[in-house]
Amino acid sequence: MISIKNVSKWYGEFQVLTDCTTEVTKGEVVVVCGPSGSGKSTLIKCVNALEPFQKGDIVVDGTSIADPKTDLPKLRSRVGMVFQHFELFPHLSITENLTIAQMKVLGRSKEEATDKGLKLLDRVGLKAHAHKYPGQLSGGQQQRVAIARALAMDPIVMLFDEPTSALDPEMVNEVLDVMVQLAQEGMTMMCVTHEMGFARKVANRVIFMDRGQIVEDCHKEEFFGNVDARSDRAKQFLAKILQH
Amino acid sequence: MDFSAIIPALPGMWEGMAMTLKLLVLGVVGGVALGTVLALMRLSHNPLLSRVAGAYVNYFRSIPLLLVITWFYFAVPFVLRWLTGEDMPIGAFTSCLVAFMMFEAAYFCEIVRAGIQSIPKGQMGAAYALGMNYGQVMRLIILPQAFRKMTPLLLQQSIILFQDTSLVYAVGLMDFLNAARSRGDIIGQPHEFLIFAGLVYFTISFSASLLVKRLQKRLTV
Ligand SMILES: Nc1ncnc2c1ncn2[C@@H]1O[C@H](COP(=O)(O)OP(=O)(O)OP(=O)(O)O)[C@@H](O)[C@H]1O
Ligand SMILES: [Mg+2]
């Protein structure tokens, strides 16, 4: 589904990503973790071409991102993305947030888009808030709307960039519950998150990044079960976040 | 001082005010539209586009409006004839309007640019991530938010333009000030009419800026 091949990226002189290679197969849930600044967000943004990269290629469902002939907006419309700070559109109502891209990008009619949007809103438990504006919702509610907005495009894969790290602790679970449910329904997912409970519960694989490199890329059982075999950096990182 | 002659002259001066308001509204609409295009050019990754827009803005912000108005009035018909080989008379109104639009666009450009830059980067990322193209991202997501934030500044700039429209006297257009002045001259009471005109400009501009201040407060809380 997603194949990342030898991707390297530089910001001027500074190399953010170094020769990253990995694969996400259909129905797989991959958790990406690593210290701050290690390039997790950059890597995941490369997957839907929000960030350009200078070397290597990423192929999403048969479409190469490095190929200059690729219709990038079309590719992005098939890849759902959820951000750390939700990024709902504050000037649009919840319903409009859910329907605008369906109508303008996919060409769906207003009825069809609204119908779909409201169904998904119901699924994340927020049907009663359809007429409100993003500023009137809590962080956890906004993030659930953001997930519904991405799902409304019928994505073939969902990308999450630290979807719970900007939330108050009591709101983390309502968002994780939605993500767990998605994973269990067979959605292909690539999640940057430090929620190791989530990783344990639904991840197939865990990727650990450090200084722009993929240091660990292994099955969940191996990653959490056989800690001794992990690299020193991964051990330090795990020790730090598992303390809590 | 005798202000009694002003009452019978009101209808004539109202015609001047209508001209002033027409110049103002069309100038603002055109200036904002052109300014928005310039702002998008300035922010574009294309170095040629951003440099052309930057040069435009710096040029028009460095010359007096009066010069632009007279230059357009005298030079543009000349240039048009040279370009097309035909006489193309453009009236004082059109040449003034074009001058206002082009001059004000330089100022509106900077306001719009700051407005666009004040929208968090993530909004653009989210819009692109949904598959929108550049035009859709700007038109549906970024500009509507930016204009909401900029409204007070745009209105403030429009109040300045309201006063600056009086410069059209230089090419003989009958705006409010020119209408008032010429009526005063005819009757032989220029001072009364100029005082009256000043009061009208003050009342309109001052109450408009009070409104803008209130709007600004409402938008920030
Ligand atoms: N536009 C940019 N220009 C220059 N450097 C950048 C830019 N964006 C990110 N970086 C740098 O690239 C590195 C990787 O950033 P990235 O956001 O991918 O890290 P991250 O792993 O997601 O970290 P975090 O956990 O803090 O979100 C960081 O050192 C960051 O400073
Ligand atoms: Mg990040």
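## Chain B as a whole

Of the 221 residues in chain B, 43% count as buried. The model is predicted. Chain B holds eight helices and zero strands, so that, read from the N terminus, its elements run α-α-α-α-α-α-α-α.

Along the principal axes, the C-alpha atoms of chain B fill a box of roughly 70 × 55 × 25 Å. Contacts in this chain often link distant parts of the sequence: among those between residues at least 6 apart, 76% join residues at least 24 apart.

## Where chain B meets chain A

At the interface, 16 residues of chain B are in contact with 20 residues of chain A. Together the two chains bury about 1500 Å², and 68% of this area is on carbon and sulfur atoms. Between chain B and chain A there are four residue pairs in polar contact, both residues being at pLDDT 80 or more. The rule finds zero salt bridges across this interface.

On the side of chain B that touches chain A, helix H5 (121-129) and helix H6 (134-164) of chain B each supply at least two residues. H5(B) gives the most, with seven residues. By class, this side of chain B has nine nonpolar, six polar and one charged residues.

## The nonpolar cores

The largest nonpolar core has 94 residues. Those touching the most other members are A:Ile2, A:Ile58, A:Leu159, A:Met190 and B:Ile141. Helix H4 of chain B, residues 92-117, gives the most to this core, with 13 residues. Another core, of 50 residues, lies apart from it, with A:Val31, A:Val145, A:Ala152 and A:Leu167 among its members.

B:Ile141 has contacts in both chains. Not counting residues up to four places away in sequence, B:Ile141 touches A:Phe89, A:His91, A:Leu92 and A:Ile100 in chain A, and B:Gln123, B:Ala127, B:Met132 and B:Gln136 in chain B.

## A buried glutamine in chain A

A:Gln143 is placed in helix H5 of chain A, which covers residues 139-151. A:Gln143 has a relative accessible area of 0%, and therefore counts as buried, the cut-off being under 20%.

The side chain of A:Gln143 reaches the backbone oxygen of A:Pro163 at 2.9 Å. A:Pro163 is also one of the residues in contact with A:Gln143 when neighbours within four places in sequence are left aside. The others are A:Val82, A:Phe83, A:Gln84, A:Phe86 and A:Val175.

How values were computed. Residues numbered from 1 in each chain as written. Chains lettered and ligands numbered in written order. Heavy atoms only, no water. Contact = heavy atoms within 4.5 Å. Buried area = accessible area lost by both parts, 1.4 Å probe. Salt bridge = Lys/Arg side-chain N within 4 Å of Asp/Glu carboxyl O. Polar contact = N/O pair within 3.5 Å; in protein donor to acceptor, adjacent residues only side chain to side chain. Helix = DSSP H or I, 4+ residues; strand = E, 2+ residues; numbered from the N terminus. Nonpolar A, V, L, I, M, F, W, Y, C, P; charged D, E, K, R; others polar. Buried < 20%, exposed > 50% of the residue type's maximum accessible area, 1.4 Å probe, protein only. Core = buried A, V, L, I, M, F, W, Y, C linked by side-chain atoms within 4.5 Å.
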